[in-house]
Amino acid sequence: MKNNPTSPYRRNLIQQIINKINAKSYLEIGLGSGEVFKGVDCAEKYGVDPQYGNFEYDKGAKCTIKPTHQMTSDEFFKQNKKTFDVIFIDGMHEAEYTERDINNSISCLNEGGYIICHDMNPLTKESQIVPRIQNYWHGDVWKAWVNIRQSNPNISMCVIPVDCGLGIIQKGSQKLLDIKGLDTTYENLEKHREEWLNLISLEDFLNKNELRRHILREEIDTKILVVVFGCLSRSLNITYKNHIEKIFSILDVNSINYSTCYINNKVTEIDGVKVSDDFKNKIQPDYFLEFSQYFIDSQILKYHPNYKTLYFRKPPASGRDYVEVFGRSPFRNSFIETSCSEFMDSKKDHFTHCLAFCSDHWFEKDFQLNWLKSNSLIVSDQNPAQGYTNGFYFGNINDVSKLMNSFYSLRQTATLDYEHIIKTNAEQNSIKVKEEHYRFLKIRANGEHAYQKSPRLFPKISHILNDYHKKTR
Ligand SMILES: C[S@@+](CC[C@H](N)C(=O)[O-])C[C@H]1O[C@@H](n2cnc3c(N)ncnc32)[C@H](O)[C@@H]1O
């Protein structure tokens with residue numbers, strides 16, 4: 001069983017476990033960027049990491065959140081008197097440290113508690129070599145796992161092959177593993193992976209641990225139509241991995257029903273770059289629609305023959321024709337969004353919600369499950385222009401459809417900029433819209449983000465860029 005190497009399943013799984021056992025205390029060893037620690041909701045949270053503010057340890061990711069205990073895990077356990085319901089081990093990624101972390105954690109685990117260990121199912125030999133030789137790295141923590149599988153009969157251990165391998169430990173019993181004198185080399189792990197790690201599929205784990213019952217009722221009754229729209233050949237090759245990580249994996253791990261529809265504004269050249277249909281090898285949508293640029297433009301001219309004068313309130317700067325500079329793009333956006341809307345209408349009896357986003361978007365944050373309970377339609381706050389963005393919508397399928405249906409009413413609203421068209425649409429249809437801090441980058445066909453040259457916006461998004469560059473290069 002292979003992992004999905006990029007998905008943040010761990011936080012969702014940890015949260016589901018906390019909800020299920022009504023955990024009161026959570027301990028995380030090794031905080032890194034702190035995304036998981038910050039995202040976990042539990043009455044008492046304790047975070048251990050020696051690196052915050054000093055960076056003297058160069059092994060593993062640097063810690064960017066203030067730990068409640070700024071010390072190594074060995075130091076922590078030496079002085080610790082507390083016990084915990086859920087413990088997540090993700091500190092020093094070398095086997096001997098992890099083995100101590102696991103044993104120490106077992107000693108302070110409450111009855112009925114869970115230990116979750118990250119990176120237990122390395123995918124390649126290189127990614128588990130110590131010392132680290134590449135960025136994508138799990139370390140050899142799996143060896144600690146195999147040792148404990150051979151020596152401690154009083155716990156149960158299994159690895160879920162998602163998110164680099166999530167090792168789950170509970171008090172109980174297990175038949176000791178016998179590796180028959182073999183060395184714990186990567187080659188032997190490859191041959192005996194299922195047995196040595198005790199792999200279990202996510203599906204089976206959720207069922208066996210009755211975790212599904214602890215998923216919110218709203219989530220079970222929900223069926224989402226996910227519509228990804230835009231010039232798919234422009235940036236989807238870059239953004240697809242991010243969409244899996246920030247959106248689809250969250251829906252998957254929470255067992256939320258969804259179907260996908262990709263709607264392509266077909267172009268062969270954009271942003272001065274020739275583009276291809278490569279993206280089609282990646283996606284396996286339930287529905288796929290395509291409109292050629294020629295067809296879209298013919299519709300613009302048919303419904304808005306005076307589009308040049310319609311769109312802009314102010315005349316373009318002297319010597320420049322704004323409409324020529326920016327082409328018909330607002331109208332093209334509007335046409336594609338309206339096509340999404342029409343598709344949603346044709347499917348609205350089968351779905352409760354719709355999540356629609358532009359394929360150019362590279363998201364910084366995860367899809368938030370609490371949006372399922374929101375009475376408002378969620379839009380992103382990203383766009384630096386006024387009004388609502390034209391790139392991300394989540395809510396009741398009827399509302400999303402109404403909000404995105406702007407093309408035929410452009411005659412009335414087109415003197416406003418595009419974001420205002422959406423805002424006006426919301427007001428006219430009495431749709432409550434909530435802007436969420438859900439920033440994203442817009443990616444161009446050449447791989448640059450759209451705000452590369454915007455000094456005004458640059459400082460606001462500089463913290464996202466690091467992540468983007470790490471994950472896309
Ligand atoms: C991979 S990061 C943790 C990521 C985080 N848990 C997450 O899920 O995103 C590893 C962290 O372990 C910390 N670390 C390194 N040595 C440690 C030790 N001996 N005890 C505890 N934490 C340690 C590093 O400073 C780094 O922040």
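This dialogue goes through the architecture, cores, helix packing and unusual backbone geometry of a predicted model.

User: How many helices and strands are there in the chain, and what share of its residues is buried?

Analyst: The model is predicted, and its chain holds 17 helices and 17 strands. Of the 473 residues, 40% are buried. Contacts can also be sorted by separation along the sequence. Among those between residues at least 6 apart, 73% join residues at least 24 apart.

User: Which residues touch the most other members of the largest nonpolar core?

Analyst: The general idea is that nonpolar side chains tend to be buried together in soluble globular proteins. In this structure the largest nonpolar core has 47 residues, and those touching the most other members are Val86, Ile115, Ile116, Trp145 and Leu166. Helix 5, residues 141-151, gives the most to this core, contributing six residues. Apart from it lies another core of 42 residues, which includes Phe229, Cys231, Phe335 and Ile336.

User: What does Ile115 touch, leaving aside residues up to four places away in sequence?

Analyst: With those excluded, Ile115 touches Ile87, Ile89, Ile102, Ser105, Ile106, Leu109 and Ile169.

User: Is helix 5 largely enclosed or largely open?

Analyst: Helix 5 is largely enclosed by the rest of the structure, because eight of its 11 residues are buried. The buried residues are Val141, Trp142, Lys143, Ala144, Trp145, Val146, Ile148 and Arg149. Their cover includes helix 4, helix 6, strand 4 (109-117), strand 5 (155-160) and strand 6 (166-171).

User: At what angle do helix 5 and helix 6 pack, and which residues meet there?

Analyst: A general point helps in reading such a contact: an α-helix has 3.6 residues a turn, so residues three or four places apart point the same way. In this case, helix 5 and helix 6 (residues 186-197) pack at about 55°, and their axes are 11 Å apart. That angle makes helix 5 oblique to helix 6. The crossing of the two is left-handed. From helix 5, Trp142, Trp145, Val146 and Arg149 meet Leu189, Trp196 and Leu197 of helix 6. By class, this contact of helix 5 with helix 6 comprises six nonpolar residues, one charged residue and no polar ones.

User: How far apart are the axes of helix 4 and helix 5, and is their crossing left-handed or right-handed?

Analyst: The axes of helix 4 (residues 95-107) and helix 5 are 7 Å apart, with a packing angle of about 50°. Helix 4 is therefore oblique to helix 5. Their crossing is right-handed. Ala95, Thr98, Glu99 and Ile102 of helix 4 meet Val141, Lys143, Ala144, Asn147 and Ile148 of helix 5. The contact of helix 4 with helix 5 divides into five nonpolar, two polar and two charged residues.

User: Where does Val227 lie, and is it buried or exposed?

Analyst: Val227 belongs to strand 7, residues 223-230. The cut-off for a buried residue is 20 or more other C-beta atoms within 10 Å. Val227 has 30 other C-beta atoms within 10 Å and is therefore buried. Not counting residues up to four places away in sequence, Val227 touches Cys261, Ile263, Cys340, Phe343, Met344, Cys354 and Ala356. In addition, the C-alpha atoms of Val227 and Ser359 are separated by 9.3 Å, although these residues are 132 apart along the chain.

User: What kind of peptide bond joins Val130 and Pro131?

Analyst: As a general rule, most residues other than glycine have a negative phi, and most peptide bonds are trans. The bond joining Val130 and Pro131 is cis, with omega about 0°. Pro131 lies in the loop between strand 4 and helix 5.

User: What is phi of Lys180, and what is phi of Ser430?

Analyst: Lys180 is a residue other than glycine with a positive phi, near 55°. Its place is in the loop between strand 6 and helix 6. Lys180 has 6 other C-beta atoms within 10 Å and so is exposed. Ser430, which is not a glycine, has a positive phi of about 50°. Ser430 is in the loop between helix 16 (418-428) and strand 16 (433-436). With 8 other C-beta atoms within 10 Å, Ser430 is exposed.

Note on methods: Residues are numbered from 1 along each chain as its sequence is written. This is a predicted model: local features need pLDDT of at least 70, side-chain atom pairs count only at pLDDT 80 or more; totals for chains, interfaces and linings use all residues. A nonpolar core is a set of buried Ala, Val, Leu, Ile, Met, Phe, Trp, Tyr and Cys residues joined through C-beta atoms within 7 Å. A residue is buried if 20 or more other C-beta atoms lie within 10 Å of its own, exposed if 12 or fewer, and partly exposed in between; C-beta atoms are placed from the backbone. Helices (H or I, at least four residues) and strands (E, at least two) are DSSP runs, numbered from the N terminus. Two residues are in contact if their C-beta atoms, placed from the backbone, lie within 7 Å. Axes are lines fitted to C-alpha atoms, for helices over the stretch in contact, and angles run from 0 to 180 degrees between N-to-C directions. Angles under 35 degrees count as roughly parallel, over 145 as roughly antiparallel, 65 to 115 as roughly perpendicular and the rest as oblique. A crossing is left-handed if the near helix is turned anticlockwise from the far one by less than a right angle, and right-handed if clockwise. Ala, Val, Leu, Ile, Met, Phe, Trp, Tyr, Cys and Pro count as nonpolar, Asp, Glu, Lys and Arg as charged, and the others, Gly among them, as polar.
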